[in-house]
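Biologist: Can you walk me through this one? I'd like to start with the charged contacts, then move on.

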Amino acid sequence: IVMILPSGTCGNSLTMEKLKLYASGSVTALQNPPLVSSASSNSIEYDIGTVTVGAIGDYTICWGRNPGHLSDYAVTLGTFKVRQPYSAPKVGSAWNGCAPL
């Protein structure tokens with residue numbers, strides 16, 4: 001699988017833009033495309049890691065059998081949602097000691 005911006009089309013490498021939802025050098029960061037962590041005759045599990053950088057939003061998940069190039073991810077599987085893990089109402093506010101630029 002590979003996660004792309006929703007404006008792209010799976011299988012069309014000219015419109016597909018892979019997400020970078022990790023900081024360079026991060027060991028536990030989200031990998032795109034992710035590694036297969038286990039596989040059986042009827043399922044595949046991917047270890048995608050943890051999103052450490054990026055925009056909150058919905059992205060397209062594309063799949064390809066034995067892909068070698070971005071255009072080989074031609075099947076649209078669904079939506080990958082990036083959400084904030086918890087609410088932090090005072091972060092970045094004057095109450096928390098931050099000042100506007």
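Modeller: A definition up front. A salt bridge here is a side-chain nitrogen of Lys or Arg within 4 Å of a carboxyl oxygen of Asp or Glu. Keep in mind that this is a predicted model.

Biologist: How many salt bridges does a search of the whole structure find?

Modeller: One. Lys81 pairs with Asp58, and their closest N and O atoms are 3.4 Å apart. The pair links distant parts of the chain: Lys81 sits in strand S5 and Asp58 in strand S4, 23 residues apart.

Biologist: Where does Asp58 stand in the strand pairing?

Modeller: Asp58 stands opposite Lys81 in S5. So the salt-bridge partners also face each other across the two strands.

Biologist: Is Asp58 buried, partly exposed or exposed?

Modeller: Partly exposed, because its relative accessible area is 35%. Buried would need under 20%, exposed over 50%.

Biologist: What about S4 as a whole, mostly covered or mostly open?

Modeller: Mostly covered. S4 spans residues 57-63, and five of its seven residues are buried.

Biologist: Which strands form the sheet, and in what order?

Modeller: The order is S1-S4-S5, in an open sheet with antiparallel pairing. S1 and S5 stand at the edges with a single partner strand each, so one side of each has no neighbour in the sheet. Neighbouring strands are turned by 35° against each other on average, direction ignored.

Biologist: How many bridges join S4 to S5?

Modeller: Seven. S5 covers residues 75-82 and runs antiparallel to S4. On the S1 side, three bridges join S4 to S1, residues 2-4, and that pair is antiparallel too.

Biologist: Which residues pair up between S1 and S4?

Modeller: Met3 has Ile61 as its bridge partner in S4. Ile4 stands opposite Thr60 in S4.

Biologist: Stay on Thr60. Buried or exposed?

Modeller: Buried, because its relative accessibility is 14%.

Biologist: What is Thr60 in contact with, leaving aside neighbours within four places in sequence?

Modeller: Val2, Met3, Ile4, Leu5, Pro6, Cys10, Thr76 and Gly78.

Biologist: Cys10 caught my eye. Which residue does a disulfide join it to?

Modeller: Cys62, with S to S at 1.9 Å. A search of the whole structure finds one disulfide. The link is left-handed, with -75° about the S-S bond. Cys10 lies in the loop between S1 and strand S2 (35-39), while Cys62 is in strand S4, so the pair ties together parts that are 52 residues apart in sequence.

Biologist: Are those two cysteines buried or exposed?

Modeller: Both fall under the 20% limit for buried. Cys10 is at 10% relative accessibility. Cys62 is at 0%.

Biologist: New topic. Where is the place of Ala55?

Modeller: Ala55 is in the loop between strand S3 (44-47) and S4. With a relative accessible area of 46%, Ala55 is partly exposed.

Biologist: And how are the C-alpha atoms of Ala55 and Val82 separated?

Modeller: By 7.5 Å, with the two residues 27 apart along the chain.

Biologist: Give me a quick recap of S4.

Modeller: S4 pairs with S1 through three bridges and with S5 through seven. Asp58 of S4 forms the salt bridge with Lys81. Cys62 of S4 is joined to Cys10 by the disulfide. Thr60, also found in S4, is buried.

Definitions and conventions. Residues are numbered from 1 along each chain as its sequence is written. This is a predicted model: local features need pLDDT of at least 70, side-chain atom pairs count only at pLDDT 80 or more; totals for chains, interfaces and linings use all residues. Side-chain values use heavy atoms; hydrogens and water are left out. Buried means under 20% relative accessible area, exposed over 50%, partly exposed in between (1.4 Å probe, protein chains only). Helices (H or I, at least four residues) and strands (E, at least two) are DSSP runs, numbered from the N terminus. Two strands pair if DSSP finds at least two bridges between them. Axes are lines fitted to C-alpha atoms, for helices over the stretch in contact, and angles run from 0 to 180 degrees between N-to-C directions. Contact means heavy atoms within 4.5 Å. A disulfide is a pair of cysteine sulfur atoms within 2.5 Å.
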